[in-house]
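Student: I should like to understand how the terms used for a structure follow from its values. May we go through them one by one?

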Amino acid sequence: MQQHTTIQTELAAFLRKEGQTINQFAGISGVNSGTLSSIINGNRPIAMQQLDRITAGMGLPDGAFYELYIDECVVHSAPDWRRLGPFLHRCAELDKLECIRQVVQIIMDNITYAPLLFDTAEEFYGQGKLQAAALLYEGVADSEKYQHSERLALCQYRLFTIRIGQSPEADFRAATRFEYFVERLEEIEQLEALRQLADIYITLQHWEKARLLAERLYHKTSIQYEIRYYKTRKKKELRQAPRPLCFYIMYAYWLQSKVCEESGEYERALEFVGLYSEMSWIVEESEEVQQIKEQFSRLGIVYACLYRLMCGELEVLPEVMEAIGTPELERLDGLLKAVQAANRYGWEVDELISRFQPLLTPEGVAFGQAEGASGWETPDQYPVLLHELAVYSFKAEKIEQGIHYIFGSLEASAALGSIACVIRCVRLFEQFRPNVSAEDQEWYKRLINKVQLAHTGAKRTTESLRE
């Protein structure tokens, strides 16, 4: 009958093969000879530090025996947190995520481990060991899924923050999964959670969701502000939010202005700009608060001009041109809005287009993205901008230039899978087809085929994600 492989049998076999005594190996490994003897004879469990020293003494890579350690100390014996805690920390250091997953699956049949795992997950999270932390949070959340505990909500919040930023699809899944748990968080924790959720829905262009979250954020922060700064009766010590409370109130106004902007309600958007620009109500005093006030003051100046432009006030165009490309107004967004306003009101903005012409290419977009915060952070708007420029060119009877922009928009739409912009480009092209050369018409056909292929691929990807 074949002997079951254990760390003890592996160590004993190593000593025989190398012709070493326990005393000799003790000198090499730094583990006491009596302790080694007890381990080999099965009379003593192996502590984490001893395991690592034995592994190094045998010349094996770190963590070589971790799977066996799980089998011996977790599966075939009662788990002892004095050994499990250090083991999980060591696995996180070595990025042995599968070992962490196995331990969590085994021990979470006993929910008494939930608080210990949660505290360890919080340590990992604070240390930036996010994937290791996620495995622990998932285990705790699964064990408490039928409870309405704050710990469950915090697990889901941490998992949300870990999962976002990978792809739009992943962000959407993470947001919809977490949104259910927001109300279970402590009131002060909810503020940052609502802000993060709203940010995701704004990025994904789920505008109604963003509006509702902005309203909740404003309502909850206003209550917290009243309690903290205007209640005369003494209260118990209140927890601090991750940011000053005034930030969340002004940010909620900013979010609502962006929602109004998207729906074309620029006068209403201007009202919200006025709300986050007027700061006489702020009673907090700190360097951080001062920086926040300055940030929203700059935003207010820029967006007041932008929305006035969209309402038909041509005289603010120079201010908007100067603001485009600053941290307050991304180049793509600012340029798109200015050209849309020009098309709406019949303005001539050749100077504006000429100034930003080097950026109206795929290379310009890539360059802007590489520049960072004030760059082209929403490249999906690029084909929309080119379509607007085509409209502008056709209105100015610059047919050749208009066709050039249409082709550019179709190319960009194919790359981004933006079928809505393709449809707008096709409609626009058909209006001017009689004025287009045979060569350009042939090139147009090839572009349409390319777009159709790209759209088919994107559709298959979407279907596979749904499955």
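**Reasoning from values to terms**

Tutor: Let us begin with two aromatic residues: Phe247 and Tyr248 are both buried. Please keep in mind that this is a predicted model.

Student: What makes Phe247 and Tyr248 an aromatic pair, and why is the pair called edge-to-face?

Tutor: A pair of aromatic rings is described by the distance of the centres and the angle of the planes. The rings of Phe247 and Tyr248 lie 5.3 Å centre to centre, and rings pair if their centres lie within 6.5 Å. Their planes stand at 80°, and an angle over 60 degrees counts as edge-to-face, so the term applies.

Student: Which cluster do Phe247 and Tyr248 belong to?

Tutor: Ring pairs link them with Tyr251, Trp254, Tyr276 and Phe296. The structure holds 22 aromatic pairs.

Student: What is the secondary structure of the chain?

Tutor: The chain has 24 helices and zero strands.

Student: How do you know that the chain is more spread out than a compact globule?

Tutor: The radius of gyration is 31 Å, whereas the globule rule gives 23 Å for 467 residues. The value is well over that of the rule, and therefore the chain is described as more spread out than a compact globule. Along the principal axes, the C-alpha atoms fill a box of roughly 95 × 70 × 40 Å.

Student: How much of the chain is buried, and what is its accessible surface?

Tutor: Buried residues make up 46% of the 467 residues. The accessible surface comes to about 24200 Å², and carbon and sulfur atoms hold 50% of that area.

Student: What share of the contacts links residues 24 or more positions apart?

Tutor: Among contacts with a separation of 6 or more, such residues account for 62%.

Student: How many charged side chains are there, and where do the centres of the two sets lie?

Tutor: There are 50 positive and 67 negative side chains, and the two centres lie 5 Å apart.

Student: Why is Ile188 called buried?

Tutor: Its relative accessibility is 4%, and buried means under 20%, so Ile188 meets the condition. Ile188 lies in helix α12. Leaving aside residues up to four places away in sequence, Ile188 touches Gln224, Arg228, Arg239, Gln240, Ala241, Pro242 and Leu245. Of these, Gln240 is 52 residues from Ile188 in sequence, yet the C-alpha atoms are 7.2 Å apart in space.

Student: Why does Val75 count as partly exposed?

Tutor: Val75 has a relative accessibility of 45%. Partly exposed covers the range between 20% and 50%, so Val75 falls within it. Val75 is found in helix α5, residues 66-75. Apart from residues up to four places away, Val75 touches Ile70 and Ile106. Val75 and Ser297 are 222 residues apart in sequence, and their C-alpha atoms are 60 Å apart.

Student: What is stated about phi of Gln205, and where does this residue lie?

Tutor: Gln205 has a positive phi of about 65° although it is not a glycine. Gln205 is found in the loop between α12 (187-203) and α13 (207-229). Its relative accessible area is 42%, between the limits of 20% and 50%, and therefore Gln205 is partly exposed.

Student: What makes Glu397 exposed?

Tutor: The relative accessible area of Glu397 is 69%, and exposed means over 50%, so the term is justified. Glu397 lies in the loop between α21 (382-395) and α22 (399-416). Its phi is near 60°, a positive value in a residue other than glycine.

Student: Which residues does Ser143 touch, not counting those up to four places away in sequence?

Tutor: Ser143, in helix α9 (residues 130-143), touches Met108, Ile111 and Ala114. Ser143 and Ala114 are 29 residues apart in sequence and 7.5 Å apart in space, C-alpha to C-alpha.

How values were computed
Residues numbered from 1 in each chain as written. Heavy atoms only, no water. Helix = DSSP H or I, 4+ residues; strand = E, 2+ residues; numbered from the N terminus. Rg over C-alpha atoms; globule rule 2.2 N^0.38 Å. Buried < 20%, exposed > 50% of the residue type's maximum accessible area, 1.4 Å probe, protein only. Contact = heavy atoms within 4.5 Å. Areas by Shrake-Rupley, 256 points an atom, 1.4 Å probe, with all protein chains shown as cover. Lys, Arg positive; Asp, Glu negative; His and termini not counted. Charge placed at Lys NZ, Arg CZ, Asp CG, Glu CD. Phe/Tyr/Trp six-rings, centres within 6.5 Å; stacked < 30°, edge-to-face > 60°.
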